[in-house]
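Colleague: Could you give me a close look at the interface in this one? Start there, then take me through the surroundings as far as you trust them.

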Amino acid sequence: MAEQSFDKERPQDNSGTRGGADAFHRMPTGIEALDQLLDGGLPDGNSLLVQGAPGTGKTILGMQFLQAGIEQFDEPGMFVTFEEHPRRLYRDARALGWDFEAYERARQLLVVFTSPEAFLSELGSDNYGKLVREYGLRRVCVDSLTQFESYPSAMEQGRVRFERVINALRRDNLSVMMTRETESREAPFRVTPEEYLADTVIQLEYERMDETRDAQRVRTLEVMKNRGAAHSSSAHLFDIGVGGINLHRSSNL
Amino acid sequence: MTPTLPTFDPLLWEALPDLNLNIAQTAELCGISVRQLGYWTRQGYVMAQGKGTRRTYGLESVRRLLAIRKAMNSGLSLRQALRSVADLSPSSAPPIISLPITSPTAAKACAFSLSPSDAASLSKSLHAFFLANGRTRDHAGGLAIKLGRFEEDVQAAAEALCAAGILVSMPCAGMTVYRQAGEKNLG
Ligand SMILES: Nc1ncnc2c1ncn2[C@@H]1O[C@H](COP(=O)(O)OP(=O)(O)OP(=O)(O)O)[C@@H](O)[C@H]1O
Ligand SMILES: [Mg+2]
């Protein structure tokens, strides 16, 4: 029942103002139920890592993070995609009720189609800094970090590379969300550098309720870590439909 | 002219049942980029042992990679090449390509180069790709994966499109990143 008292104590202020005197200032993601699980929103400057097996909704949550920023706080965003073609993103967004092409025409959104190597070297040379200033970008989603793992680098460890991405994006004052594929239930057995380094970690699952073959699968979202602030301590059911991820706040598992 | 790969010496294959190459060695031997090898592995086109950067490739995988490359060299798309090697199994298929064990870089010597008409059609595909995906900014290796073509060929096509004023190249930390020309505000 700890969860209930947590919910009662949650801050009600979702005004989205930044840089207040409050030492624990939060940046609301704009996804209301998620902000509640995070005790009001992302602690300012926290990087957000969204993990899950394929098909669990990572890309959708990433798109929703940018959509909410645009619609609710007028914060332009950038979606960096390595594998998913932009056209497919537009199509998938449309099915969720979001017109990403219109956002792009209005200069509120920038979908960048690139590869990990090109992204890293452009980050290093401030090309993205120019885009950030040009568009007034406030949010970025990188989908997905898994592509960084697929090529070895003689120069640096995955850990250093990951830090480099986060720091370069933070340098430009962006709120950073990254996605990463994990095998189902991998988390309890293996902790990865990404999980150490990210400030806030969210795990998505799509699992059967029990071991029987005809048992229904349910989607859950769980906050694993939230540096600098409290967070909900249980897995929450959600579904996906128009509007994106819809968290069922009351139904903890 | 399309270079041909050397023919197979069965004795070399039989001598290598325990072949176990790391990613860089496999990529070099098969004449593909490390990135492309990683992608093909993740897509399940080729099998590897181990995980992440410690993956290794055995004889069957190397043979399969060389067969895919050979098929693509003869003009097949990646998809068609995969179909053509689908039933390549150790017992049934005659060995296809030689494995130049003495000099891995020999594989590179038969690097791909497209005939003039193929090169022109690749330039067209690349141009079409940029038109369809206007926000692309990528280096030749990344584009090669997205187009399912070889990096050297894509590099040449991208340079041709730069010369024609269609693409812009941005030298950047030891690599060249390409984007569409005339795209305002895109750095
Ligand atoms: N319009 C929609 N309505 C309902 N459910 C949807 C809709 N679009 C997608 N989904 C669900 O979301 C899932 C895909 O979500 P998403 O693409 O975010 O997954 P992901 O975690 O990014 O997967 P991957 O690791 O493969 O990229 C689909 O398998 C489907 O179940
Ligand atoms: Mg995805």
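Modeller: Sure. Putting chain B and chain A together buries about 2,400 Å², and carbon and sulfur atoms give 52% of that area. Keep in mind that this is a predicted model. On the residue side, chain A brings 29 residues to the contact and chain B brings 27. As for charged pairs, four salt bridges turn up across the interface of chain B and chain A. One that you can pick out by eye joins the side chains of B:Arg137 and A:Glu122, with N to O at 2.6 Å. The scores for the model are ipTM 0.78 and pTM 0.70.

Before you zoom in further, a word on confidence in chain B. Its mean pLDDT is 73, with 71% of the residues at 70 or more. The extremes in chain B are helix 6 (residues 105-109), where confidence is lowest at a mean of 34, and strand 3 (residues 138-139), where it is highest at 96. Two stretches deserve a flag. Residues 1-15 of chain B have pLDDT below 50, although beyond near neighbours in sequence that stretch has 28 contacts in the model. Residues 89-113 of chain B are also below 50, and that stretch has 58 contacts in the model, again beyond near neighbours in sequence. Where pLDDT is low, the predicted coordinates should not be read in detail.

Now for the layout of chain B. You'll find nine helices and five strands there, and along the sequence they follow the pattern α-β-α-α-β-α-α-α-α-β-α-α-β-β. Of the 187 residues in chain B, 48% are buried. If you take contacts in chain B between residues at least 6 apart in sequence, 61% of them join residues at least 24 apart.

The sheet to look for in chain B is an open one of three strands, in the order 3-5-4, with antiparallel pairing. Strand 3 and strand 4 (167-172) of chain B are its edges, each pairing on one side only. Strand 4 and strand 5 (residues 175-180) of chain B run antiparallel and share six bridges. To get the register, find B:Ser169, whose bridge partner in strand 5 of chain B is B:Tyr178.

Over to chain A, and let's begin with strand 3 (residues 48-52). Five of its five residues are buried, so this strand is largely enclosed by the rest of the structure. In a regular strand the side chains alternate between the two faces of the sheet. Here A:Leu48, A:Val50 and A:Gly52 point one way, A:Leu49 and A:Gln51 point the other way, and all are buried. Strand 3 of chain A runs parallel to strand 7, with five bridges joining them, and A:Leu48 has A:Met177 as its bridge partner in strand 7. Strand 3 of chain A also pairs with strand 8 in the parallel sense, over five bridges; there A:Gly52 has A:Leu204 as its partner.

From strand 8 (residues 200-208) you can step on to strand 9 of chain A: these two are antiparallel, with nine bridges, and A:Val201 stands opposite A:Lys225. Strand 9 (residues 217-226) of chain A is mostly covered, seven of its ten residues being buried. Next comes strand 10 (residues 236-241) of chain A, which pairs antiparallel with strand 9 over three bridges; A:Arg219 stands opposite A:Phe238 in that pair.

The loop between strand 8 and strand 9 of chain A holds A:Ala215. Buried or exposed, that A:Ala215? Its relative accessible area is 12%, so A:Ala215 counts as buried. Setting aside residues up to four places away in sequence, A:Ala215 touches A:Arg208, A:Met209 and A:Asp210. A:His231 is 16 residues from A:Ala215 in sequence, yet 30 Å away C-alpha to C-alpha.

I'd finish at A:Asp172, in the loop between helix 9 (158-171) and strand 7 (175-181) of chain A. A:Asp172 is buried but has no salt bridge, and the nearest side chain of opposite charge, A:Arg171, is 4.2 Å away. The cut-off for a salt bridge here is 4 Å. Beyond its neighbours within four places in sequence, A:Asp172 is in contact with A:Asp126, A:Tyr128, A:Gly129, A:Val132 and A:Arg133.

Methods. Residues are numbered from 1 along each chain as its sequence is written. Chains are lettered from A and ligands numbered from 1 in the order in which they are written. This is a predicted model: local features need pLDDT of at least 70, side-chain atom pairs count only at pLDDT 80 or more; totals for chains, interfaces and linings use all residues. Side-chain values use heavy atoms; hydrogens and water are left out. Helices (H or I, at least four residues) and strands (E, at least two) are DSSP runs, numbered from the N terminus. Buried means under 20% relative accessible area, exposed over 50%, partly exposed in between (1.4 Å probe, protein chains only). Lys and Arg count as positive and Asp and Glu as negative; His and the chain ends are not counted. Contact means heavy atoms within 4.5 Å. Two strands pair if DSSP finds at least two bridges between them. pLDDT is the predictor's confidence in each residue, from 0 to 100. Buried area is the accessible area (1.4 Å probe) that two parts lose on being put together, summed over both.
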